[in-house]
Amino acid sequence: MGQEEVFTLLFPNCFLSCPPLFSYASSSPVLSSILDTDNTSFYYILRIETHFSRVVFLGTGVWFFWSLVLLSLFGILAAYTSLLLVLGFLLCWEGKELYLHWYHKILILIVISMCLFFFWLLCTYWKDRWLTIGLSLQVYAPYLHLSSISVMVLLSWPVAFYLIHLEGEARIRRYKITSNERKRNKRCNMLTKLRALQVAVGLPFFLILLCLYMMPFGNYSPCIQEKDKLGPKPSFFGHRGAPMLGPENTMMSFEKAVEHGAFGLESDVHISYDHVPFLMHDLSLRRTTNIKEVLPNASLRHPSLFDWDFLATLNAGKWFSHSQIKPFYHMKPLSEADKEKAGNQKIPKLTDLLELAQKEKKLVIFDLNSPVPKHPARKEFVRLVVNVILASGIEQHLIVWLPGFDRKYVRSTAPGFQHVGRLFTIERLTKENISRINVDYKRLFYNGLREYKAANININIYIVNEPWLFSLAWCSRIQSVTTDNIQVLNQINHPYFFMTPSFYMLMWILMDVVSAIFIFAVFYFHW
């Protein structure tokens, strides 16, 4: 039983009234798009917002973005606590006795504890997000480098002003030293503090500046290369079709993907109780059909436990076209014609997709979900699907076979299928005669990308929705990507953030020389 089923059994009334955005992560297009895109911090905040606000909704019945209120409150407390710490540090520096009200002491302890707790959560549960941030630096690093130097130039003015001010204060105090030993010792201590403060401010500034000047020696970006070495533009597999333009895993969605230049179509296949393969991603019909209206008591049943005659009557598009909450945050509004068409979509059979793929000469790749125990096709579902594919008349080379079940049978029965593996070793791929892999981009870029390319392995990565990530794949000579955002990525004719090594070196040297002259002039002016 999945998370959604358990959750619904515990809170049936609340869950039924909860907006569709808050389906559990593995089946929600919103959360899956958040998890699969390597996106900005907005999506990270949205993910926390989703879970927290849902819990409050279940308890109170009132929907509001409560976590934003708490984040704002926590931000205010953190700023106030930081101010207290800074003031306390300055008082201790000046040798003044520190008096903190016990309210302030408790507040500082609470805020520090909360910061440590949230940092632990980030390190524990956002490991994939840290991988995405690391990949984004490969693209943005040259621009961050140049931008950081500009920031250091701007900071040089207050830093220079402060350092020269401290120098002037130190000279004045040294001049005022008298023969009185007690006063002299006190002033010498103050001189030491002023010198230490100069080092504490000036040394980090110049060390950071030096590191920025030297950064290109240790910086690697696939987007810095010669133009003649840039590979061809990656082709597209439409993830469940074009789910930002039509309801996922419906014929409208696949037709939209074809319309926007998809090279292949990706889907998910279940087997009905009467042995009909059909397209559905989730482990229940709740999110993408109207089963809660038609048969609410059976809405948590596994899709494979229904006969096709019943599945064919369900509406698979109103959740997409008539929902007040968009399935994807950056999804454009539908036209009236598309909204009407989307609202009339039904669950398609696998043969419907195969017919479209054969007509348009598109590749088909799908995840094959095994039926539940005691399903009549439990032991033969792979052979059933292979027979359905062969009976459809589609050219065998258009099938990209992803399931790992019973490959020997599949190879002998349908020798024309293109077999694709996961993140296997080169030895295993060679042994199984597989020359194409389908992998999560976060795993690939950190595990063996160069080895796969050296072995001439054809690579498809998922889920690539952002232009910067698509540009990284392009510059890394990835052959194809699976995407929800085909209508945007297909319009990109040249990778973003691309530059030649000679141009980057010119910008690097020019920026270093100009910034060094400017910073020297600022310090000279204040001196």
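Which side chain makes a polar contact with the side chain of His419? It is the side chain of Arg407, at 2.8 Å. This comes from a predicted model.

**The chain as a whole**

The protein chain has 527 residues, and 47% of them are buried. It holds 22 helices and 9 strands. Its exposed surface is about 27,900 Å². Carbon and sulfur atoms supply 64% of that area. Now take contacts between residues at least 6 apart in sequence. Of these, 65% join residues at least 24 apart.

**Two buried strand residues**

His419 lies in strand β6, which covers residues 418–419. Asn460 sits in strand β8, residues 458–462. The table sets out their values.

| Residue | Strand | Relative accessibility | Polar side-chain contact |
|---|---|---|---|
| His419 | β6 (residues 418–419) | 8% | Arg407, 2.8 Å |
| Asn460 | β8 (residues 458–462) | 3% | Thr482, 2.9 Å |

Why does His419 count as buried? Its relative accessibility is 8%, and buried means under 20%. Asn460 counts as buried because its relative accessibility is 3%.

Next, look at the neighbors. Leave out residues up to four places away in sequence. His419 then touches Trp401, Arg407, Val410, Arg411, Ile434, Ser435 and Arg436. Arg407 is on that list, and its side chain is also the polar partner of the His419 side chain.

Asn460 can be read in the same way. With residues up to four places away left out, Asn460 touches Phe237, Ile437, Asn438, Val439, Ser480, Val481 and Thr482. Thr482 also has a polar role here: its side chain makes a polar contact with the side chain of Asn460, at 2.9 Å.

**A pair of helices**

Two packed helices are described by the angle between their axes and the distance between the axes. Here the pair is α9 (residues 251–259) and α13 (residues 336–343). Their axes come within 9 Å and cross at roughly 135°. How are α9 and α13 set to each other? They are oblique. The angle is roughly 135°, while roughly antiparallel would need an angle over 145 degrees and roughly perpendicular one of 65 to 115.

Which residues make the contact? From α9 come Met252, Glu255 and Lys256. From α13 come Asp338, Lys341 and Ala342. By class, the contact of α9 with α13 has 4 charged residues, 2 nonpolar residues and no polar ones.

How values were computed. Residues numbered from 1 in each chain as written. Predicted model: local features only at pLDDT ≥ 70, side-chain atom pairs only at ≥ 80, totals over all residues. Heavy atoms only, no water. Helix = DSSP H or I, 4+ residues; strand = E, 2+ residues; numbered from the N terminus. Buried < 20%, exposed > 50% of the residue type's maximum accessible area, 1.4 Å probe, protein only. Polar contact = N/O pair within 3.5 Å; in protein donor to acceptor, adjacent residues only side chain to side chain. Contact = heavy atoms within 4.5 Å. Axes fitted to C-alpha atoms, helices over the stretch in contact; angles between N-to-C directions. Parallel < 35°, antiparallel > 145°, perpendicular 65-115°, else oblique. Nonpolar A, V, L, I, M, F, W, Y, C, P; charged D, E, K, R; others polar. Areas by Shrake-Rupley, 256 points an atom, 1.4 Å probe, with all protein chains shown as cover.
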